[in-house]
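I opened my notebook to look at how the chains meet. Here is what I looked up, entry by entry.

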Number of protein chains: 4
Amino acid sequence: MTQVELTPDLTVTLIDSMGNDDSVTHAARVSIVGARAETEEGERKGLLNFLMSNGHLSPFEHVTATMMLEVPIFVTREIQRHRAFSYNEISARYAKRPPKFYAPQFDRELHQIGKPGKYTFEVGTDDEMLVVWSEMRFAYQTAWDAYERLLENGVAREVARNCLPVGIFTAFYMTGNLRNWMGFLSLRTAPDALFEIREVAFRIEQELYKVAPACMELWDRAGRGL
Amino acid sequence: MTQVELTPDLTVTLIDSMGNDDSVTHAARVSIVGARAETEEGERKGLLNFLMSNGHLSPFEHVTATMMLEVPIFVTREIQRHRAFSYNEISARYAKRPPKFYAPQFDRELHQIGKPGKYTFEVGTDDEMLVVWSEMRFAYQTAWDAYERLLENGVAREVARNCLPVGIFTAFYMTGNLRNWMGFLSLRTAPDALFEIREVAFRIEQELYKVAPACMELWDRAGRGL
Amino acid sequence: MTQVELTPDLTVTLIDSMGNDDSVTHAARVSIVGARAETEEGERKGLLNFLMSNGHLSPFEHVTATMMLEVPIFVTREIQRHRAFSYNEISARYAKRPPKFYAPQFDRELHQIGKPGKYTFEVGTDDEMLVVWSEMRFAYQTAWDAYERLLENGVAREVARNCLPVGIFTAFYMTGNLRNWMGFLSLRTAPDALFEIREVAFRIEQELYKVAPACMELWDRAGRGL
Amino acid sequence: MTQVELTPDLTVTLIDSMGNDDSVTHAARVSIVGARAETEEGERKGLLNFLMSNGHLSPFEHVTATMMLEVPIFVTREIQRHRAFSYNEISARYAKRPPKFYAPQFDRELHQIGKPGKYTFEVGTDDEMLVVWSEMRFAYQTAWDAYERLLENGVAREVARNCLPVGIFTAFYMTGNLRNWMGFLSLRTAPDALFEIREVAFRIEQELYKVAPACMELWDRAGRGL
């Protein structure tokens, strides 16, 4: 029997990107003067600022980025609700996944207090977290063993995987433009977002700083909305 | 301890719709004569036929339908890859789900033969299917018990649910226009689609016959492509 | 020679719709309790209010509406930049359009003052407006005459129409969901939107009140943003 | 008075791109093995071929390209019906455009024969083409003069431009992924597409060969559909 692995680590890798801060100002210049004009360093900031504060967001659509995410299924499900992106995910129909599962970091809130629409969350004790890890390990291991036994019996992967918990890791490519990414971050780094999706979103944010730093700074200072 | 329920039943309910076969011809007439003109019964068929066989599909976008689906998470994940639709799904962050899980019908293929891209599937014996049901029941029940114990320990639903398998049922609203629905059916009723998503897709197809029967018949006879 | 007609009248007609205020709460209830539950009159308002003020906008996507618009090409061009809608427009390749052209109402601002990004507009005098109407009538009539002569010479409509000004009227179907419509109105009823598109947007807003009055009121009182 | 310029030249410039043939196979490998794996030269062709002939088109969404187009408004209107792309176009509200207008090449078909849905087109004589150029020059010049007089009278650009014909040139950025571009080309290089949009589409096709030549060749040999 294979032993399952539990980890709180969520991974984001920048795979490729198109354009940068200048691409946004070039696209904006096309709207204003009908040609691709260079913008001086000083002007650029003012122009980006004008675009963002006036909601002229289409110029941000000409910068694109592909990320590779390795996260559990329950996080993937929330992420893939964002319909503006392109996704390519490992299929459990075609491949056996490794037995890697998610368990929370020790500083993750454990207790949900209040009513729908007004929840607050609180961290638990270390003992409580140990209970969580041990229950998860047991549930994951039992599910994995059932999955493996089914495969050994010649059952198709697409049937056997029904046993696998949403805590199992999956991996996917995700491509979108800077406007979409900013909209994603606005929602998914907000305080009421799921802890794990916030972790992922903050990592994505860091990667986007490599692509278009002036845009990202401005978006951050302008209130991180969209 | 609550006992889990296993079922192969997938449910599709038509909730609401806008328009019908005539809406398509009205929209097409706007393109051709610039006004909403009535079409005689006889003409209608010819016009619909012309639109479909020439790939003029935009008139089919003015008919919309909302379905309620009750299906397992692994089916939901495939369905929600279709980005043209609107979804509202029960959230396991906000509500405890009932312990209802999916297990296959006895005539579902169990064996996957061949290499990626060239798989064929074969049904198994009744004994093999009993192994599947018993392994699933065991994995589901173990996961559910861990889930309940975590909740009893005051652990937030959004953490405890990590244990739950992708075979658990969820429910969601799904709204889209007739062109999107036809595109969905083309892919998801095809022979190489997942057995369970085909079941769902055929039910959706039946519901769409209630909304726009002439369009659906035509689409079927024209090869079910898009 | 046919004489051109000039008019400031822009037309919006509600053709069809799906759902109402209750459809939104039904969809929201699916997210919260996993079932379509009825909502009491009193609760409904609170729930809609909660959804809108917390940016939970997906339930508004299960209400759809089709409008028929009769507006000039320069307005159509701005409207059709909204990519979430479905359009079916009369094609000048297939049909000869009537010689109906747009000229502004007498209270439309005529003067654009200031620099890009900081424009203000001011109304002109009646005399200035008469100049506008007379220049437009002349330009439209000349273009129309050239168009007709080309058609009489056997030139294809798709070539002859190149002469026609963007002030000529066109007609199209436009279908979208309530969330899209609200997003459209947020941008297009704003003070910096083009005068003519604001006129159209306000008419669309009126029609949407017939479909989902409680949602529209709430959106209006909540600041008309999205 | 400024003299208008007439030209049949339509311009397409590749501004930027992300990814190449390998990006498609990398994304496909993520679906199959859950990791970004290198593909040998020989394998690559087979994999691309498999993806395209089986309609697995999502891997083509991780390659993106931005084009700059300079084309008349009547072409722009058809192009911008493609909702999957991002556009930034020069606005006639903010800038005075140069007096550059479209007139057809001498080998463009002039005569439209038959009924809607069954049109055929035939070239005209050189004399007929001269009539077209002369009528267009006259209509364009008259419209332009009215436009300039209105501007000189202090009328806002957004009002004065109503006189301008759809034959006037505009310029815009257009960004999309390879799957979208192929879908665009399938429709817009087809024999029943408008002559001018076919010209533009063939130029776009040439530019895309610079980005992902193996994908483009394959798409061409596979029948140019999608």
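**Entry 1: chains A and B, area.** I began with the area that chain A and chain B bury between them, and it comes to about 4,700 Å². Carbon and sulfur atoms account for 54% of that. I kept in mind that this is a predicted model. I then asked which three residues of chain A supply more of its buried area against chain B than any other three. They turned out to be Arg77(A), Arg83(A) and Asn162(A), with 14% of what chain A buries there. For the contact itself, I noted 54 residues from chain A and 54 residues from chain B.

**Entry 2: chains A and B, charges and polar pairs.** How many salt bridges are there between chain A and chain B? I got six. I looked at one that involves Arg77(A), whose partner is Glu89(B), and the closest N and O atoms are 2.8 Å apart. So that you can judge that distance, the cut-off for a salt bridge is 4 Å. I also counted polar contacts between chain A and chain B and found 22 residue pairs, both members at pLDDT 80 or more.

**Entry 3: which elements of chain A face chain B.** I listed the elements that supply at least two residues each to this side of chain A, and they are helix H3 (73-79), strand E4 (86-89), strand E6 (109-113), helix H4 (126-152) and helix H5 (157-160). H4(A) gives the most, with 13 residues. Sorting this side of chain A by class, I had 28 nonpolar, eleven polar and 15 charged residues.

**Entry 4: chains D and A, area.** Next I turned to chain D and chain A, where the contact takes 38 residues from each of the two chains. The area buried between them is about 2,700 Å², and carbon and sulfur atoms give 53% of it. On the chain D side, I found that Met18(D), His62(D) and Asn88(D) lose the most area to chain A, together 23% of what that side buries.

**Entry 5: chains D and A, pairs and elements.** I looked for salt bridges between chain D and chain A and the count was zero. Polar contacts do turn up, with 17 residue pairs, both at pLDDT 80 or more. The elements of chain D that give two or more residues to this side are strand E2 (11-18), helix H1 (21-33), strand E3 (64-72), strand E4 (86-89) and strand E8 (169-177). H1(D) gives the most, with seven residues. My last tally was by class, and this side of chain D has 18 nonpolar, 15 polar and five charged residues.

Notes
Residues numbered from 1 in each chain as written. Chains lettered and ligands numbered in written order. Predicted model: local features only at pLDDT ≥ 70, side-chain atom pairs only at ≥ 80, totals over all residues. Heavy atoms only, no water. Contact = heavy atoms within 4.5 Å. Buried area = accessible area lost by both parts, 1.4 Å probe. Salt bridge = Lys/Arg side-chain N within 4 Å of Asp/Glu carboxyl O. Polar contact = N/O pair within 3.5 Å; in protein donor to acceptor, adjacent residues only side chain to side chain. Helix = DSSP H or I, 4+ residues; strand = E, 2+ residues; numbered from the N terminus. Nonpolar A, V, L, I, M, F, W, Y, C, P; charged D, E, K, R; others polar.
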